[in-house]
Amino acid sequence: MFVRKVVNVLCFLALASCAPSKNSSGGVTTTEPSKTNGIETCLALGKKNTNLADTSSVVPTLTTLDPNYGQYIVKYKEAKGLTPSGQPLREYHVSTMKLTSISGDLYSLQIKGTIKEKSKILAQVAAESDVDYVEPDYPIEPIPQTPAAIMPDDPYFSKQWFHSTLNSLAAWSVDEGSDEIIAAVVDTGVDYTHPDLAENMWINKDEIPNNGKDDDGNGYIDDVYGWNFTANNNDPRSSSKAPHGSHVAGLIGARGNNHVGVVGVAPKVKLMALKFMDDSGAGITSNAVRAIDYAIQKKVFLINNSWGSNRFSRTLSDAISRAAKAGILFFAAAGNGDKGVGYNIDATPWYPASYTQWNVFSVAATTIGDRLTDFSNFSKNKVDVAAPGYAIYSTVSGVSYQMMSGTSMATPIVAGLAVLVKATNPDLDPTQILNIIRESSDKLPTLQDKVRSGGRVDSYNAVMLARASKNCALQ
Ligand SMILES: [Ca+2]
Ligand SMILES: [Ca+2]
Ligand SMILES: [Ca+2]
C-alpha cells in the first residue's frame, strides 16, 4: 500500500508540474503572437460603431509595427489598382517579401525573416510617403462555446440532478467521450435494444452474427454484444425483474443529444454487456471471473463492478490482477452497508472494493446535498472517491427509465468520468487517469475521513486537468 501511494503521488506530481497556461512552443512569448491580440480583435469586432463617418487616422506606432507576425495589412493613401499578384512599389531587397492586393488601397504584406529584418522592413514600408498605415493582420479566434450553448435535447436530462453536481455541461464542452473507448458492464445484463443505449453498444466486429460458429475463437459462439454467463448464451440483456445492469450502463453512457431519454456521464462510449447475475439478481464468483476474462481478452478500457460480497476470493483476486496486468481499470462499488447503514470497510472488508491491486478504484455514494449517504460504505484507505448515488435516474429494461439509489449508481458515474478523461487525453496511462479523478475531485469537509481523496468527483475539473496534462509530453 505504501509503495502504491508513493508511486501515485509521484505520478500526480509529474502531471501537476505542467503549467496549463504554458504554450506549446515552450513559453517563448516574445516571438509568438499573443493570444490576447486575437481575443481583443474579436471583442473589437463585436462592438457597434455608432459613428459611421469616423475618419480618425491611425498613426503607426511601435505596437502596430510589432514584428512578431508573418503577415501585415498595408493601407495606401489611395487605390493602387494593382492586380492580386501586383508588385511592391519599392524594392526592399528581400526575396521573402510578398505584397498582394486585398482591395483598392489595401494590400497584404507577407514577410519572412528574423525579428530584426522584419522590423527594418516594416519601418521602411510605413515611412513610404504614399502609405497611410501598416498593422499586423491579427489572427482572429472563434469565441468558445458556453456550456449553455450545448444543452442536450434529451427530454429527461433535467431529472438527472447529478449532472449539475458533476458540472457535466461544462465538461462536455471539452469532451463528450469517444466511440473508441470500451466500458464493460459486468452485471445483470444490458438491454442493448434500449433506444437510449443501442447506439452506444459495443459490437464484436470479429464475430459473424447467427452463423452458429465461434468466428473470433474466444470460446463463445455468435457473441455480438457480449455474453450471458448465467444462461450460457449470446443474449446478455437484463430482464425487467433485474434491470440493474441497464441502469448502470445508462449512467456510464446513455447516448446524449439523441432526442431520447437521459444522458450518461460519457455521452459517447462503447458499452459491452456481460451478464453474470441472473434475472433474480443472483450470481456466482466463477461467472464474474469468466466475464472479467472476456473483457480482458477484448482489451476493454474499464470494467464496471456494481456488486460485491464480504468474502475474499483468491479466484476473483487473481482475475483482477490479470486485468491490472493488462492496464484495465476496475471500478468497484464500496457497498451499501447493512440495513441502510454504511460501515468502514477497513474493519469489515467488502469485495471487490477491498482488493488492493492498483487498478481497483472504489466509490462511495453522496446525496443531493453533497453528504455521504447513510447507506454508503466508506474507508480512508480503500475507497478512492465519492460520487452521486441517491435518486439517480437512468435507463432500465424496455423503453423505460427509473430512479435508483446505491453505491451501484455512484460507481458507473465515475466509470463514465474515466471515459471522458481518457477521451480528452488518450496518451494518459491508466494510473494517471485514476490520479486525475482523485485529485480533481471537489474536497468536502464531510468526506475527509470517509474516502481517500476526501472529495466528490467533478467531471469538469477532471477533463480540464486531463487537458492541461497534454503539455507533459512536450516538457
Ligand atoms: Ca466468439
Ligand atoms: Ca458467429
Ligand atoms: Ca439520450
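This is a chat about a predicted model, going through its calcium sites, its largest pocket and a few single residues.

Q: Let's start with the metals: which residues hold the calcium ion (ligand 1)?
A: The protein donors of the calcium ion (ligand 1) are Glu 207 (OE), Asp 214 (OD), Asp 216 (OD), Asn 218 (OD1), Tyr 220 (O) and Asp 223 (OD), and they lie 2.2 to 2.4 Å from the ion.

Q: And how are those donors spaced along the chain?
A: Along the chain, the donors of the calcium ion (ligand 1) follow the spacing E-x6-D-x1-D-x1-N-x1-Y-x2-D.

Q: Why does the arrangement around the calcium ion (ligand 1) count as irregular?
A: The six donor atoms around the calcium ion (ligand 1) subtend angles of 76 to 159°, and the arrangement is irregular because of these angles. For six octahedral donors the ideal angles are 90 or 180 degrees.

Q: Are Asp 214 and Tyr 220 buried or exposed?
A: Asp 214 counts as partly exposed, with a relative accessibility of 25%, whereas Tyr 220 is buried, with a relative accessible area of 12%.

Q: What coordinates the calcium ion (ligand 2)?
A: The calcium ion (ligand 2) is coordinated at 2.2 to 2.4 Å by Glu 207 (OE), Ile 208 (O), Asn 211 (OD1), Lys 213 (O), Asp 215 (OD) and Asp 222 (OD). Glu 207 is thus listed for the calcium ion (ligand 2) and is also a donor of the calcium ion (ligand 1).

Q: What about the angles and the spacing there?
A: The angles among the six donor atoms of the calcium ion (ligand 2) run from 67 to 176°, and the site is irregular. In sequence, the donors of the calcium ion (ligand 2) follow the spacing E-I-x2-N-x1-K-x1-D-x6-D. Ile 208 and Asp 222 are 14 residues apart, and both lie in the loop between strand S5 (177-187) and strand S6 (226-228).

Q: Is Asp 222 buried or exposed?
A: Asp 222 is buried, because its relative accessible area is 8%, and the cut-off for buried is under 20%.

Q: Then which residues coordinate the calcium ion (ligand 3)?
A: The calcium ion (ligand 3) is coordinated by Asp 154 (OD), by Asp 196 (OD), which is listed twice, and by Arg 255 (O), Asn 258 (OD1), Val 260 (O) and Val 262 (O), at 2.2 to 3.0 Å. The donor residues of the calcium ion (ligand 3) are spaced D-x41-D-x58-R-x2-N-x1-V-x1-V in sequence, and Arg 255 and Val 262 are both buried.

Q: Switching topic, what lines the largest pocket?
A: The largest pocket, with a volume of about 280 Å³, is lined by Asp 179, Glu 180, Ile 182, Met 201, Trp 202, Ile 203, Asn 204, Lys 205, Asp 206, Lys 270, Gln 297 and Lys 298. By class, the lining has six charged, four nonpolar and two polar residues, and the largest share of it, three residues, comes from S5.

Q: Why is helix H6 described as largely enclosed?
A: Nine of the ten residues of H6 are buried, so the helix is largely enclosed by the rest of the structure. Among the buried residues of H6 are Gly 245, Ser 246, Val 248 and Leu 251.

Q: Where does His 247 sit, then?
A: His 247 lies in helix H6, which covers residues 244-253, and counts as buried at 0% relative accessibility. The side chain of His 247 reaches the backbone oxygen of Gln 402 at 3.0 Å.

Q: Any unusual backbone spots?
A: Most residues other than glycine have a negative phi, and most peptide bonds are trans. Tyr 351 and Pro 352 are joined by a cis peptide bond with an omega of about 10°, and Pro 352 lies in the loop between strand S9 (329-333) and strand S10 (360-366). Asn 167, which is not a glycine, has a positive phi of about 65°, and Asn 167 lies in the loop between helix H4 (162-166) and helix H5 (168-174). Lys 299, also a residue other than glycine, has a positive phi near 55°.

Q: Is Lys 299 buried or exposed?
A: Lys 299 counts as exposed at 69% relative accessibility, and its place is in the loop between helix H7 (285-297) and strand S8 (302-305). Asn 167 is partly exposed, with a relative accessible area of 32%.

Note on methods: Residues numbered from 1 in each chain as written. Chains lettered and ligands numbered in written order. Predicted model: local features only at pLDDT ≥ 70, side-chain atom pairs only at ≥ 80, totals over all residues. Heavy atoms only, no water. Donors = N, O, S within 2.8 Å, 3.2 Å for Na, K, Ca; no water. Tetrahedral: all angles 85-135°; square planar, octahedral: opposite > 155°, others 65-115°. Helix = DSSP H or I, 4+ residues; strand = E, 2+ residues; numbered from the N terminus. Buried < 20%, exposed > 50% of the residue type's maximum accessible area, 1.4 Å probe, protein only. 1 Å grid on protein atoms, 1.4 Å probe; cavity = no way out; pocket = protein on both sides within 12 Å on 5 of 7 lines; lining within 4 Å. Points joined across faces, edges and corners; volume = space filled by probe spheres on them. Nonpolar A, V, L, I, M, F, W, Y, C, P; charged D, E, K, R; others polar. Polar contact = N/O pair within 3.5 Å; in protein donor to acceptor, adjacent residues only side chain to side chain.
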